[in-house]
Amino acid sequence: MTADPSAARVHVVGAGIAGLACAVRLARGGRRVALYEAAARAGGRCRSFHDGQLDRRIDNGNHILLSANREALSYLEEIGARDSLIGPERAVFPFVDLASGARWRLRPNAGRLPWWIASAARQVPDTGLGDYLAGLRLARAKPADRVVDLIAPGTALFERFWRPLTVAALNTAPEEASAALLWLVVRETFFKGEAACRPLIAREGLGESFVEPALARLQGAGAEVRFKQRLRAIETAEGRAAALDFGEARVALGQADRVVLAVPPAVAADLLPGLTVPDDSRPIVNAHIILPEADLLPPELPFLGLVGGSTDWVFVRGDVASLTVSAAEDLAELGNDEVAARLWHDTARALGLDESRQPPIRVIKEKRATLAQTPQALQRRPPARTDLSNLFLAGDWTDTGYPATIESAVRSGRAAAALCCA
Ligand SMILES: Cc1cc2nc3c(=O)[nH]c(=O)nc-3n(C[C@H](O)[C@H](O)[C@H](O)COP(=O)(O)OP(=O)(O)OC[C@H]3O[C@@H](n4cnc5c(N)ncnc54)[C@H](O)[C@@H]3O)c2cc1C
């Protein structure tokens, strides 16, 4: 549907996943949309680019969806990119413990009753049913509880299941992560059976799946998309946003115009004095390595979870291995050469390669990858509505109730779009 050029406009600021999901929803509903992005390209924390050092197109970091991520998958449907994700037909997560050499596959069963925790063939090595049942304490989590307040650390199950799960889902160590938010993840995945736990990754890249199809949809619907437009200030009058100041350009807002601010929390706080936002974040460190041969992991299961080293996950696409370390506060402080050496050490052991021959490695540190999903920081997530009657917030960090992920970003963008139309 193309918008009526005389109609009121919605100005969406920030072309990350939240801004894109918002703009697509509005444009497809026939609204006039203008999308402004400070960078030269869209995608924000979820993007692909050509890396000159490796001479490959890479993602800023591995992103994984689960089949439980309903809104994220429906966003992909909406932009015509659902088929661009690949993953195994059944939920399966291969793991290796670099310290002991143990290898196993996490395979939740079909159906809501998680009987896999009682099956010796499916349990994580060195764990027993009692360890899993102890994890049910998470169901009683109060807002102030950390994961370690309810699940005792130090057991094999903690190090091989709870820690990797917490860090992957919340980008926060279990010593400080919110137990209530982790319980939401467990409830929506493991307690819904394997059909909700299937891992999905972009076949080609994040740009090809999440970003370019959205831009094409926006273009098709006649939306304006403007890059290198950094919002510097919001002029207000009578409890409304009255104009947007982009430095060289000033956009006066009509009476019926709306604004969606889909920028990171610190930027939103600068633009809207008095707004409470999560003020603590956690880094994710990624490394991309050119391997001596292609497809070292099976194409139907091209990733591997690692415990007992520095690395959390290895993904293989063609001859590039991409490594992820979440909640990587310590690693992010090290120099890139030291990071590369540590992650190559893990990769060589996990994939059975000659460690003495370190190939070219590109390290990418996302210092503010997500908000710190601690009980304290989560209390600072604001709702989409603001004190300005025509301005709404979006972003994975807003109060969607979900971990700060693509799912949360899409939910926030769509919620803001609905408020603009209300
Ligand atoms: C390395 C890494 C790995 C991740 N892994 C996963 C994963 O496996 N699964 C998952 O679901 N999620 C993952 N995430 C989280 C996911 O990327 C984010 O939740 C999502 O991309 C957030 O989107 P957003 O639109 O809320 O924010 P952002 O992507 O931060 O978008 C904000 C946009 O606003 C723009 N902007 C900033 N200031 C201004 C301004 N003044 N004017 C105009 N524009 C401005 C920015 O340039 C940016 O494009 C990962 C994140 C990282 C960094």
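Two residues are counted as being in contact when heavy atoms of theirs lie within 4.5 Å. By that criterion, and leaving aside its neighbours within four places in sequence, S389 is in contact with G239 and R240. The structure is a predicted model, and a search of the whole of it finds 27 salt bridges. The points below take up the surroundings of S389, a selection of the salt bridges, helix α2 with its packing partners, a positive surface patch, and two residues with positive phi.

**S389 and its surroundings**

- S389 is placed in the loop between α11 and β20, where its relative accessible area of 48% makes it partly exposed, because the partly exposed class runs from 20% to 50%.
- The C-alpha atom of S389 is separated by 37 Å from that of G61, a residue 328 positions away along the chain.

**Salt bridges between distant parts of the chain**

- Side chains of opposite charge can pair when their charged atoms come close.
- E366 and R47 form such a salt bridge, with 3.2 Å between the closest N and O atoms, and this pair links distant parts of the chain, since E366 belongs to strand β19 (residues 361-371) while R47 sits in the loop between β2 (32-36) and β3 (48-51), 319 residues apart.
- Within this pair, E366 is buried at a relative accessible area of 15%, whereas R47 is partly exposed at 22%; the two fall into separate classes because buried means under 20%.
- R380 forms a salt bridge with D279, in which the closest N and O atoms are 3.6 Å apart, and here too distant parts of the chain are linked: R380 lies in the loop between α11 (375-378) and β20 (391-393), and D279 in the loop between α8 (265-271) and β15 (281-290), 101 residues apart.
- R380 is partly exposed, with a relative accessible area of 31%, while D279, at 60%, counts as exposed.

**Other salt bridges**

- The side chains of D149 and R146 meet in a salt bridge with an N to O distance of 2.7 Å.
- Both members of that pair are partly exposed, D149 having a relative accessible area of 38% and R146 one of 33%.
- A network of salt bridges links R25, R28, E71, E78 and R414, and one of these residues, E78, is also listed among the buried residues of helix α2.

**Helix α2 and what packs against it**

- Helix α2 spans residues 70-78, and its buried residues are A72, L73, Y75, L76 and E78.
- In an α-helix there are 3.6 residues a turn, so residues three or four places apart point the same way.
- The buried residues of α2 pack against a set of helices and strands, namely α1 (17-28), β5 (65-66), β6 (85-86), β9 (199-202), α7 and α12 (406-421).
- One residue of α7 (residues 206-220) is S209, which is buried with a relative accessible area of 1%.
- Not counting residues up to four places away in sequence, S209 touches L76, I79, A81, S84, L85 and A202; of these, L76 is one of the buried residues of α2.
- After α2 comes G80, whose phi is positive, near 75°.

**A positive surface patch**

- R70, R112, R187 and K192 form a positive surface patch.
- Among the members of the patch, R112 lies in the loop between β8 (103-106) and α3 (129-134), and at 60% relative accessibility R112 counts as exposed, because that class begins over 50%.

**Positive phi outside glycine**

- D126 has a positive phi of about 65° although it is not a glycine; D126 is found in the loop between β8 and α3, and its relative accessible area of 64% makes it exposed.
- A327, likewise not a glycine, has a positive phi of about 45°; A327 is placed in the loop between β18 (320-325) and α9 (329-332), and with a relative accessible area of 17% A327 is buried.

Key. Residues numbered from 1 in each chain as written. Predicted model: local features only at pLDDT ≥ 70, side-chain atom pairs only at ≥ 80, totals over all residues. Heavy atoms only, no water. Patch = residues over 30% accessible without salt bridge, like charges linked within 9 Å, V, L, I, M, F, W, Y side chains within 5 Å. Areas by Shrake-Rupley, 256 points an atom, 1.4 Å probe, with all protein chains shown as cover. Salt bridge = Lys/Arg side-chain N within 4 Å of Asp/Glu carboxyl O. Lys, Arg positive; Asp, Glu negative; His and termini not counted. Charge placed at Lys NZ, Arg CZ, Asp CG, Glu CD. Helix = DSSP H or I, 4+ residues; strand = E, 2+ residues; numbered from the N terminus. Buried < 20%, exposed > 50% of the residue type's maximum accessible area, 1.4 Å probe, protein only.
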